[in-house]
Amino acid sequence: MPEVFQNYIDGKWVDSRGGATFENRNPADWDDLIGVFPKSTVEDVDEAVAAAKAAFDAWRLTPAPKRGDILRRVGDLMVERKDEIATEMTREMGKIKAETLGDVQEGIDTAYYAATEGRRMFGHTAPSELPNKMNISFRIPIGVAGIITPWNFPMAIPTWKIFPALVCGNTVVFKPASYTPRTATTLVRILEEAGVPAGVVNLVHGGGSVVGNRIVEHPDIRLISFTGSSEVGKRISAGASETLKRVSLELGGKNAQIVMPDANMELALDGVLWGAFGTTGQRCTATSRLILHKDIHDSFVESLVERASKLRLGYGNDQGVDVGPCVSEAQRNTVHEYVEIGKNEGASLVLGGEFATDGDLAKGWFYKPTIFVDVSRDMRIAREEIFGPVLSVLKVDSLDEAIDVLNDSVYGLSSSIYTQDVNGAFRAMRDIEAGITYINGPTIGAEAHMPFGGVKETGNGHREGGWTVYEFFSEWKVVYVDFSGKLQRAQIDNY
Ligand code: NAD
């Protein structure tokens, strides 16, 4: 019998009211059934929201440093169980264990940052323009936060949202992606064990169109933090405007790495291999475009193809594996459709372009690392997010053209340039249109204590991570204290 998992509402583990369930399977071996999870209904969401609303008052009145202490305990528990959690995550979503260990570590870093933020949460004071009057400001919680997350960072992304939401004094209704409900359950069990009171965090499993949609439209949810595709993000933004919710959207990317002729080529090769094929290309920050200066184009492509062809595909919990499977059959099919589109558009396929089915790979959603050259900027494989192990190589004549090609995208999440020329590097830092730019590093590698997010259709201007996310999860309250004992009219009595 498969293990049966439940929702977590008002401090209790419960089945969905509707009784329906869905299966969760290992993408590297579809015979491996991880468990059965509730396919929740609108009523389940409504119960979770009611619990979160009822818990809000006591939680907002709990001192922020005390809320932070609970998050520190959460971090400690994640440290103790890091290896076990990572193994289970690799089984659930496929990326190799080194990467799921990193995913858990990002959650740990976020927990410890949140723990100390409970003792900061600084406000501003400013002088009053009137005598015997004081102006102060501080941050207050907002209410019930709806948290909707994708599957590719099943631990880190929920922690980026839930931990700051809690430290700021909000309560939470959490809907994880349907491909990673097991990791979400682990996180919520840890929050429970660390002492988060009943109702403060609620977990509702299920699909986006029912559970996600109800979170977006529910009048008692005051803010939504969403990470996922731009398509769904736009729908959420439109839906949430009905009830004027505050919404943070972290969406897709079409990230590029530039390599200039003066770059350290081995470093640039290491960078693009990790950036393009790590997490099987299923990162919002994955290197999807490689922009090569014409002087090094041919030699770089030759070395890249040689090294990429040696990447070992397999089950991410096995030693020596470099690249895991796509998360699902649908995702692998999407990748393959883009490969056909690239071929039809006239790009030249120099590596991969097919399912990987040798031996044990036959039972998983594996796709061979794939490289296209002769890609032009107007092709769909140069413009659309593929979310798989497919790299499009574009050739340019100059740094100006490289930056222009890089910026020619509706997205603007991550970017990278390899060069030893300090002037070129500073121009790139200034002119690249992206939320994140790496100099001599791949497009992936964000650190939890720095702001994370992108420009253009990658988001709506908010940032996760670091200090900036605390702005999203709190409101400013301004208090004027007049101790003059008389009516003082600002802007009138003093001018
Ligand atoms: P997705 O948009 O399909 O789903 C994300 C979440 O939204 C899931 O939990 C899903 O169930 C839910 N959802 C779907 N339809 C919904 C609806 N109508 N209303 C409410 N919720 C709904 O994305 P995915 O396939 O899980 O993840 C991949 C995408 O996420 C990629 O586009 C990737 O670039 C993006 N991503 C972005 C970042 C970032 O920080 N910018 C990080 C990771 C992933």
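**Close-up views of a predicted model**

**Figure 1. Who surrounds Lys245?** Setting aside residues up to four places away in sequence, Lys245 touches Ile215, Val216, Glu217, His218, Pro219, Ile221, Arg222, Ile224 and Ala240. Keep in mind that this is a predicted model, here and in every view below. Lys245 sits in the loop between helix 8 (230–240) and strand 11 (246–250). Charged or not, Lys245 counts as buried, at 8% relative accessibility. For a sense of scale, take Asp32: its C-alpha atom and that of Lys245 are separated by 40 Å, with the two positions 213 residues apart along the chain.

**Figure 2. Strand 8, covered on both faces.** How many residues of strand 8 (residues 171–175) are buried? Five of its five, so the strand is mostly covered, with the cut-off for buried set at under 20% relative accessible area. Side chains in a regular strand alternate between the two faces of the sheet. Here Thr171, Val173 and Lys175 lie on one side, Val172 and Phe174 lie on the other, and all are buried. Next door is strand 7 (residues 144–148), which runs parallel to strand 8 and is joined to it by five bridges. One pairing to look for is Ile147, whose bridge partner in strand 8 is Phe174.

**Figure 3. Zooming in on Val172.** Val172 is part of strand 8 and is buried, with a relative accessible area of 0%. Beyond the residues up to four places away in sequence, Val172 touches Ala52, Ala145, Ile147, Ile162, Ala165, Leu166, Val200, Val201 and Asn202. Ala55 is worth picking out too: Val172 and Ala55 are 117 residues apart in sequence, yet 9.7 Å apart in space, C-alpha to C-alpha.

**Figure 4. Two nonpolar cores.** Nonpolar side chains tend to be buried together in soluble globular proteins. The largest nonpolar core in this model has 44 residues, and Ile162, Phe163, Leu166, Phe174, Leu191, Val201 and Phe473 touch the most other members. Leu191 touches Val74, Ile162, Phe163, Leu166, Val196 and Val201, again leaving out residues up to four places away in sequence. There is also a second, separate core of 29 residues, and its members include Val335, Met379, Val396 and Ala428.

**Figure 5. Helix 4 alongside helix 5.** Helix 4 (residues 97–117) and helix 5 (residues 156–167) pack at about 10 degrees, their axes 9 Å apart. The two helices are therefore roughly parallel to each other. On the helix 4 side you'll find Asp103, Glu106, Gly107, Thr110, Ala111, Ala114 and Glu117, meeting Ala156, Thr159, Trp160, Phe163 and Val167 of helix 5. Sorted by class, this contact has six nonpolar, three polar and three charged residues.

**Figure 6. Helix 3 against helix 6.** What angle do helix 3 (residues 82–93) and helix 6 (residues 181–194) make? It is about 155 degrees, with the axes 8 Å apart. That makes helix 3 and helix 6 roughly antiparallel to each other. Helix 3 brings Ile85, Glu88, Met89 and Glu92 to the contact, and helix 6 brings Pro181, Arg182, Thr183, Thr186 and Ile190. The class tally for helix 3 with helix 6 is four nonpolar, two polar and three charged residues.

**Figure 7. A seven-stranded open sheet and its helix.** The seven strands of this open sheet come in the order 14-15-16-13-12-18-19, with mixed pairing. Strand 14 (348–351) and strand 19 (436–439) stand at the edges with a single partner strand each, so one side of each has no neighbour in the sheet. From one strand to the next, the twist averages 25 degrees. Helix 9 (residues 265–277) packs on the sheet, touching strand 12 (255–259), strand 13 (287–293), strand 15 (370–373), strand 16 (390–396) and strand 18. The direction of helix 9 makes about 170 degrees with that of strand 12.

**Figure 8. Ser416 and the pairing of strand 18 with strand 19.** Strand 18 (residues 414–418) pairs with strand 19 in the parallel sense, over four bridges. Within that pairing, Ile417 stands opposite Ile439 of strand 19. Ser416 is found in strand 18; is this residue buried or exposed? Ser416 is buried, its relative accessible area being 0%. Leaving aside neighbours within four places in sequence, the residues in contact with Ser416 are Ala256, Gln257, Ile258, Tyr438, Gly441, Pro442 and Thr443.

How values were computed
Residues numbered from 1 in each chain as written. Predicted model: local features only at pLDDT ≥ 70, side-chain atom pairs only at ≥ 80, totals over all residues. Heavy atoms only, no water. Core = buried A, V, L, I, M, F, W, Y, C linked by side-chain atoms within 4.5 Å. Buried < 20%, exposed > 50% of the residue type's maximum accessible area, 1.4 Å probe, protein only. Contact = heavy atoms within 4.5 Å. Axes fitted to C-alpha atoms, helices over the stretch in contact; angles between N-to-C directions. Parallel < 35°, antiparallel > 145°, perpendicular 65-115°, else oblique. Nonpolar A, V, L, I, M, F, W, Y, C, P; charged D, E, K, R; others polar. Pairing = 2+ DSSP bridges.
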